Structure formats: C-alpha cells, structure tokens
Amino acid sequence: MGLISGVLLLPLAPARGVVWVAERLQDAAERELYDPGVIRAQLAALNHELDEGHIGLEEFEAEEERLLDRLYAAQTGPDTDDRR
C-alpha cells in the first residue's frame, strides 16, 4: 500500500478493524461448532438429560439427529455435508 492510498483509506481503518474482529469471531465459532470433542460432550449431556427424564424421546431424537449431522460434517468437512 502506497503512501497516498494509505492516507486516503485511513478513514476506513475502523471498519476494516471491525471486519477483522468479526472474521476472527466467526472462525472461532466454526471451530467450536465442528469440534468433535464438543459435539460428543453435547451428545453425552443429551443422553444424560433423557436418562434423567428432563426431555422426552421426540426431543432427544431431534437433537441427537442435529448433533450427529454436525459430527458428520466435522468429520467430512462442513462444505461437503450432502446428507441434508
């Protein structure tokens, strides 16, 4: 970036900073969303909730399917999830 373009783009620096922070937050959220360890922990907690009677079978099955879809996407990559 040259001196003139740097000076002309200086007013946009706060916006670029906000975009950079938003991108970092999105990356962190996607890593957590597709972390197999997190998903397995959520599945275990879901099973515990069913065992304790806090949720019904229909709710359990719907949530389990959603979590298994995420686990599948985590193992194959989120862009190649063709089961939907």
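**View 1. Accessible surface of the predicted protein chain.** In this predicted model, the accessible surface of the protein chain amounts to about 6,500 Å² (Shrake-Rupley method, 1.4 Å probe). Carbon and sulfur atoms hold 59% of that surface. Of the 84 residues, 13% count as buried (under 20% relative accessible area, 1.4 Å probe, protein chains only).

**View 2. Helices and overall dimensions.** The protein chain has four helices and zero strands (DSSP runs: H or I of at least four residues for helices, E of at least two for strands). The radius of gyration, taken over C-alpha atoms, is 21 Å, well over the 12 Å that the globule rule (2.2 Å times the number of residues to the power 0.38) gives for 84 residues, so the chain is more spread out than a compact globule. The C-alpha trace spans about 65 × 30 × 20 Å along its principal axes.

**View 3. The largest nonpolar core.** Seven residues form this core: I39, L43, L46, I55, F60, L67 and L71 (buried nonpolar residues joined through side-chain atoms within 4.5 Å). Helices α3 (36-52) and α4 (57-76) each contribute at least two residues to the core.

**View 4. Surroundings of I39.** Leaving aside residues up to four places away in sequence, I39 touches L33, Y34, L67, R70, L71 and A74 (heavy atoms within 4.5 Å).

**Notes.** Residues are numbered from 1 along each chain as its sequence is written. Local features need pLDDT of at least 70 and side-chain atom pairs count only at pLDDT 80 or more, whereas totals for chains, interfaces and linings use all residues; side-chain values use heavy atoms, with hydrogens and water left out.

Notes
Buried < 20%, exposed > 50% of the residue type's maximum accessible area, 1.4 Å probe, protein only.
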